[in-house]
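Colleague: Could you take me through one part of this model at close range? I'd like to see how its strands are put together.

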Amino acid sequence: MPATKNYYDILGVKKDASADEIKKAFRRLARKHHPDAGGSEEKFKELNEAYEVLSDTEKRAQYDQYGQYFGGNVPPGAGAPGGAGWPPGGGGGFHYEVNLGDLGDLGDVFGSMFGGGGSRAGGATRTRGKQAQRGRDLTYEITLDFDEALAGVSTKVDVQRAESCTTCKGSGAKPGTSPTTCPTCGGSGHVSQGQGLFGISRECPRCGGRGTIVENPCTTCKGKGRVVRVKPVTVNVPPGVTDGGKLRFKGKGEPGQGGAPAGDLYVVTHIRSHPYFTRDGADVVMELPISIAEAALGTEVTIPVPGGGKVKLKVAPGTQDGTVRRISGKGAPRLKGKGHGDLKVRTKVVVPEKLSAEQKELLKRFASAREDDLRAHIG
């Protein structure tokens with residue numbers, strides 16, 4: 001297409017703009033004017049043309065030299081198009097091509113709009129078929145005992161996933177036969193819709209993007225090339241996992257196709273309740289019952305710690321109900337970082353529901369001996 005407009009003005013840059021400035025200007029305007037985003041097809045075509053020329057050092061130099069005669073317009077006295085030395089930059093007309101891979105995330109956006117990756121050349125979008133496809137991620141749940149969650153455990157998970165058929169070795173074709181080239185797409189895996197700059201490639205509806213069809217399907221996989229199997233997968237659960245936590249095991253999901261990597265396996269952990277321990281992140285909480293006398297006079301008790309073992313804990317005289325004491329480093333292992341959390345011991349003063357006559361008499365004497373009014377602040 002002859003260059004009848006100023007490419008620098010089209011992109012809104014100065015003539016001495018750097019390659020990076022040109023690319024940034026094109027990215028910004030292409031987002032705004034892309035037809036799939038509600039923009040003008042003609043404007044977008046114009047932007048593509050300007051960017052293809054100005055982003056190429058050789059073509060830009062020719063354009064700067066010949067101006068409106070670059071790409072096919074014949075200046076007075078130059079002779080027929082395609083003659084010796086004319087037009088500059090090639091014979092017979094101007095062909096432009098924009099490589100989406102050069103445009104970073106914008107290339108990804110356009111690639112998805114037009115059905116895949118590749119480059120746009122002369123209005124066509126080249127797309128890859130579905131030969132290489134990453135395996136699906138899978139999610140499973142496991143239930144652990146409280147102590148298993150603290151210590152970590154190696155366990156097996158029965159994973160149901162699609163794997164390559166061993167009968168046909170993944171081809172989908174009956175042994176002794178082979179898939180044939182898809183007659184609809186000619187083996188490319190895609191078909192084009194529309195013409196010109198905005199011809200769009202779509203996945204071939206007949207072969208599903210594979211480029212081949214199976215005329216004699218394998219009886220094991222029914223022509224799919226993959227079968228669903230249940231396979232035990234060993235996963236190592238690290239110490240300190242929490243209830244509802246999610247662990248990722250890379251590459252242990254569904255196998256990929258066409259040499260693509262496998263997906264990941266995600267394991268959600270659930271933890272059974274413990275008779276007297278609960279979790280608060282890396283801290284472990286324990287409720288310690290004490291009597292009225294122990295709370296008032298103080299005492300020393302022996303308590304268990306998570307993971308096994310025991311420690312002695314002093315209860316200070318006058319300890320109130322709900323007082324929390326921390327025992328450093330006796331909690332759960334920290335998943336991220338070193339060391340352990342704490343054991344938090346919360347005291348619970350237990351009031352007896354039944355008293356003997358002697359106990360009642362002692363408490364009455366205690367109550368009558370108190371001179372302070374506990375409710376004086378209430379008024």
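Colleague: How many bridges join E4 to strand E12, and do the two run parallel or antiparallel?

Modeller: Happy to! This is a predicted model, in which local features need pLDDT of at least 70, side-chain atom pairs count only at pLDDT 80 or more, and totals for chains, interfaces and linings use all residues. Residues are numbered from 1 along each chain as its sequence is written, and side-chain values use heavy atoms, leaving out hydrogens and water.

Seven bridges join E4 to E12 (residues 265–271), and the two strands run parallel. Strands here are DSSP runs of at least two residues, numbered from the N terminus, and two of them pair if DSSP finds at least two bridges between them. Along E4 and E12, Leu138 stands opposite Leu265. The pair belongs to an open sheet of three strands, ordered E4-E12-E11, with mixed pairing. E4 (138–144) and E11 (246–249) are at the edges, each with a single partner strand, so one side of each has no neighbour in the sheet. From one strand to the next, the twist averages 25 degrees, with axes fitted to C-alpha atoms and angles running from 0 to 180 degrees between N-to-C directions.

For context, there is also an open sheet of four strands, E13-E14-E18-E17, again with mixed pairing. Its edge strands are E13 (277–280) and E17 (324–327), each pairing on one side only. Neighbouring strands in that sheet are turned by 30 degrees against each other on average, direction ignored. There, four bridges join E17 to E18 (residues 343–350), and these strands run antiparallel. Across them, Arg326 stands opposite Lys344 in E18.
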